[in-house]
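Okay, thanks for making time, everyone. Let me put the model up on the screen and then talk you through a few pieces of it.

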4 protein chains.
Amino acid sequence: MQYQQILNEINQELKVYERLGEIANYIPELANVNPDKFGVHLSHIDGGNYSLGDSKEKFSIQSISKVLSLTLGLSLVGDSIWNRVDVEPSGNPFNSLQQLEFENGIPRNPLINPGALVMADILITNLENPKEDFLKFVRKIAGNDLIDFNHKVAHSEAKWGFRNGALANLMKSFENIKNDVNEVLDFYFHQCSIEMTCQELSKTFLLFTNHGKIPETGETILSSSQAKRVNAIMATCGFYDEAGEFSFKVGLPGKSGVGGGIVAVLPKKYAVAVWSPRLNEKGNSYLGMEVLEMLTTKTGWSIF
Amino acid sequence: MQYQQILNEINQELKVYERLGEIANYIPELANVNPDKFGVHLSHIDGGNYSLGDSKEKFSIQSISKVLSLTLGLSLVGDSIWNRVDVEPSGNPFNSLQQLEFENGIPRNPLINPGALVMADILITNLENPKEDFLKFVRKIAGNDLIDFNHKVAHSEAKWGFRNGALANLMKSFENIKNDVNEVLDFYFHQCSIEMTCQELSKTFLLFTNHGKIPETGETILSSSQAKRVNAIMATCGFYDEAGEFSFKVGLPGKSGVGGGIVAVLPKKYAVAVWSPRLNEKGNSYLGMEVLEMLTTKTGWSIF
Amino acid sequence: MQYQQILNEINQELKVYERLGEIANYIPELANVNPDKFGVHLSHIDGGNYSLGDSKEKFSIQSISKVLSLTLGLSLVGDSIWNRVDVEPSGNPFNSLQQLEFENGIPRNPLINPGALVMADILITNLENPKEDFLKFVRKIAGNDLIDFNHKVAHSEAKWGFRNGALANLMKSFENIKNDVNEVLDFYFHQCSIEMTCQELSKTFLLFTNHGKIPETGETILSSSQAKRVNAIMATCGFYDEAGEFSFKVGLPGKSGVGGGIVAVLPKKYAVAVWSPRLNEKGNSYLGMEVLEMLTTKTGWSIF
Amino acid sequence: MQYQQILNEINQELKVYERLGEIANYIPELANVNPDKFGVHLSHIDGGNYSLGDSKEKFSIQSISKVLSLTLGLSLVGDSIWNRVDVEPSGNPFNSLQQLEFENGIPRNPLINPGALVMADILITNLENPKEDFLKFVRKIAGNDLIDFNHKVAHSEAKWGFRNGALANLMKSFENIKNDVNEVLDFYFHQCSIEMTCQELSKTFLLFTNHGKIPETGETILSSSQAKRVNAIMATCGFYDEAGEFSFKVGLPGKSGVGGGIVAVLPKKYAVAVWSPRLNEKGNSYLGMEVLEMLTTKTGWSIF
């Protein structure tokens, strides 16, 4: 498969696309990004690397970090996490209080905000130095010690994150948050502020292509069955209220973030990261969705 | 009208009633109250006073205080408060996040928790020493300088009030809370902790029987039109999800609290307070509802 | 009290009002009415009659008929109707399926569409010739044999009433509709198609001013306690999602219809009907609300 | 891969399982089925056939038929069907009126009841003899002229299907049902009444394993891209409110029915049908879920 050629074709075809969508503006730090940044990086499990555009520029991975906190939670405490968070798609906007209230404080899945807050709570309980230890974990699976939080972004979130405060307090009232609400929010805002390039992000997600082992080191992070389940959750829950649309058009497990990043994996083959900050009305990268649809169409490979 | 005789008849008839209902137990301080306490006091606008049982014993007025914060808010800033809180019955449990989310952070009315939190926020903005000044206001309309907060109860609430924290954070995310969330909650928990006897409570609510003037001093607190509107809100919204039932059976504007108190007014005639801590499943005093139904049936007078 | 003089003042003041609001257009027959029709009639229990404008012109009473079917249901089968319909305000649009689904097919009150459909079902079960017998009943309390259905309007409703069909089918699935769904809908559409003038409507509602007795004949239709309860339901539930607003501004029990009619009662004094087909966004007559607010302000009398 | 050996192992391991779950009893005809029936059939795209138990006994495929009506709809009118039904998981019980009301009569996906009713409506519009033509289509992809409706089951549904009546009427009120409601319901109840054996069902679903071509005849029913999309919809929406759980545990696109059948496909490899009438609380076959989890675990193959 000539991946680089396919990426080049995609790049060519995108030239006629209008620059649709708006940048996330609820966090000042995100609003300052150039909306027309665009990068792609595909990391193949066999070692191949293919890229386009601004693929070596850092961006805020935001909600994509939820897959990483889920992974660390699973590797630390195993299947008991499923007592505190479900695995069903939400069918409602990603931060819906209504659904959480109806379901007695048990979030529908770990990739929506309340689910990620519960995962943050679990990590705080199980880590000695939660933020530092989480960062170490991410650096390990990324094989890259330079990955870091952006404290300014974390601080911006903290200031405006009253809706996350509402979610955390509601779950605390149902006793599904064990630690102090502010500590949970602080961890969560930091986790979301991690910055990566497309290249770093796709390399990191090779873990889920490779049955839970880090390809470079061979270290097992998740069992084969756990890795399969993380992929299943990405496939059904990774795109807020557009999970079905992504599955329908692209046909790969994946996760998006409001920073404009999307990462997707084809098990046993590759992980691919796209970054384009303009978002569609559901909060997913407008061009990111297009690029990945083109990629699976042109390669003829998806999970379906 | 022989009010004392009617109260005595009611007392007699209640003797055969089973002691149904449970005491509120989510706050330790409230859970320690003797569930079989029972008091009634009727204050007539012409000066008459009639009572039964533990009518001179203090209890926690809890949500009844929402009528008093609404009254102070109205008297301070007038009709502009209606830009931040509506006047419609809620049709949902008193602390529903779902409805608040659906209605973009504007509470349905000032007598449900989110509405009272908005009133607290308005008072904090408009008072120099919010808690002290609110207490002074209550003492003035009660004509009684001994009325006070119960700080232990306020502290209990603060510890368990995560759902109120969720409501306040959600409204803050919609910019309908202007002050610091913790300051708003602290004010709210103190306001709810005020203690009064049945006698003090019924005397205080003569204000709403008397077109907004304190009968004893003649001081005007609300315009006649404002007082009428507070009564209208009590009539449609005063009993959580049982407002219709209270209107249907009793036919008076009123307000209940989880401490087991209920106060009701017959405009131009009387205010009456009942205290019995056992609550029905909707959170209103079981016996309190019964006593007031008997009272309006025996007197033949209601607003309908 | 110089009622006619007050009505004349109101008429004078209304001249500067803009003609706001839209006519109901979901039924072709209603859409053809002149939107600027305007009539008022006040019937006093002492026999006085006062009016303005088009007070002797017939209009479609629509949802106002729900009070009449409730009255007949209560008089026929008594308090057992409360097993099948509740008495709480709805806090949701008048035809919400969501709430009905959540509450297992028990409508919140008899004045929203699903509640009226249950009343229709009860009447069909308890009357020999349901539509004819209902009409006879209305003629009796109206003291007027010329009152009739408008079959064209009833037929229009039947054609477009799929949402009512959804409500009836949903309640049937919960076994809270006993008769054939189409028969229930047919009865309901006919009941809503009744036509009255303001004069006829206010005279009819004197029943609720007079403790359940027809003033003209002295016949008892409802017990005093039942009449009081119908008033209480009108006060908390008579204006869809604007019941609180009406109570707040006007302070009388009442009921509106999408034909632009509103009727309200001041117990022991009068019933008043207003007709103006332009509706506000909540579906209540725009001018009707204004006129009644002026009336209670100018007379200084409301139930509060 | 020794499929038959794997099936035999599964059969052996199941012997210690308790017989949990209840048979669907809302339709008398389904309630009469022996709850302990159990069959499995796996049809491999290379022609292999492997089975267990009652695999040649007919059962009511019920909601599994929704995949077939979607397929016929797609093949007849193409992507324009997506204007009338979405592709998102529902996050609510399969027949939720609430969500449908909130989303203005556009069902979340074609595999929940309202979505299937819209597909039925589309088929009625586009087929000359809707029921007969649909049956012919199913017989063609099944390669079997003996497949038929069970009219008794269809009639049972019609009698009790008031909730489907509510859904259809609600969508009609939003103009998303074009034909007569009763005709749509009649079509839908017939489609659900189709009976197949496990062997017939797995053979029929080879279509989705084989990129939209009938393996036996080579006839193209769906384009490769359309077939991929049907699989994506089964993966995210095929199991009511347990789609995530199925994806998580089994990792195959699939569809269940209240008759106790489940069919799943591994693209390019096989289709497998399981029948066991005892349902879990989400309405999916209890043993069916277990068998398929074992199958993908033992083979080591899933889409993830």
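I'll go through the symmetry, one chain contact, a helix pair and a sheet.

Quick housekeeping: this is a predicted model, so local features need pLDDT of at least 70, side-chain atom pairs count only at pLDDT 80 or more, and totals for chains, interfaces and linings use all residues. Residues are numbered from 1 along each chain as its sequence is written, while chains are lettered from A and ligands numbered from 1 in the order in which they are written.

Symmetry, then. Chain C lands on chain B with a rotation of 180° and 0.0 Å of shift along the axis, at an RMSD of 0.0 Å; that's a least-squares fit on the C-alpha atoms of residues with pLDDT of at least 70 in both copies. The two are thus related as by a two-fold rotation axis. They also use the same surface, with 100% of the contact residues of chain C recurring in chain B. Contact here means C-beta atoms, placed from the backbone, within 7 Å. Which residue of chain C comes closest to the axis? That's Gly91(C), whose C-alpha sits at 2.3 Å.

Over to chains D and A: each gives 29 residues to their contact. On the chain D side, helix 12 (224–237) and helix 13 (243–249) are the elements giving two or more residues. Helices are DSSP runs of H or I, at least four residues, strands are E runs of at least two, and both are numbered from the N terminus. Helix 12 of chain D has the largest share, eight residues.

Next, a helix pair inside chain C. Helix 1 (residues 3–14) and helix 14 (residues 286–299) of chain C pack at about 135°, axes 10 Å apart. Axes are lines fitted to C-alpha atoms, for helices over the stretch in contact, and angles run from 0 to 180 degrees between N-to-C directions. Among the residues meeting there are Ile6(C) and Ile10(C) from helix 1 of chain C, and Leu287(C) and Val291(C) from helix 14 of chain C.

Last, the sheet in chain A. It's open, with five strands in the order 2-1-7-6-5 and antiparallel pairing; strands pair if DSSP finds at least two bridges between them. Strand 2 (49–53) and strand 5 (254–256) of chain A are the edges, each pairing on one side only. The twist averages 5° from one strand to the next. Six bridges join strand 1 to strand 7 of chain A, and Ser43(A) has Ala271(A) as its bridge partner.

Terms used. Two residues are in contact if their C-beta atoms, placed from the backbone, lie within 7 Å.
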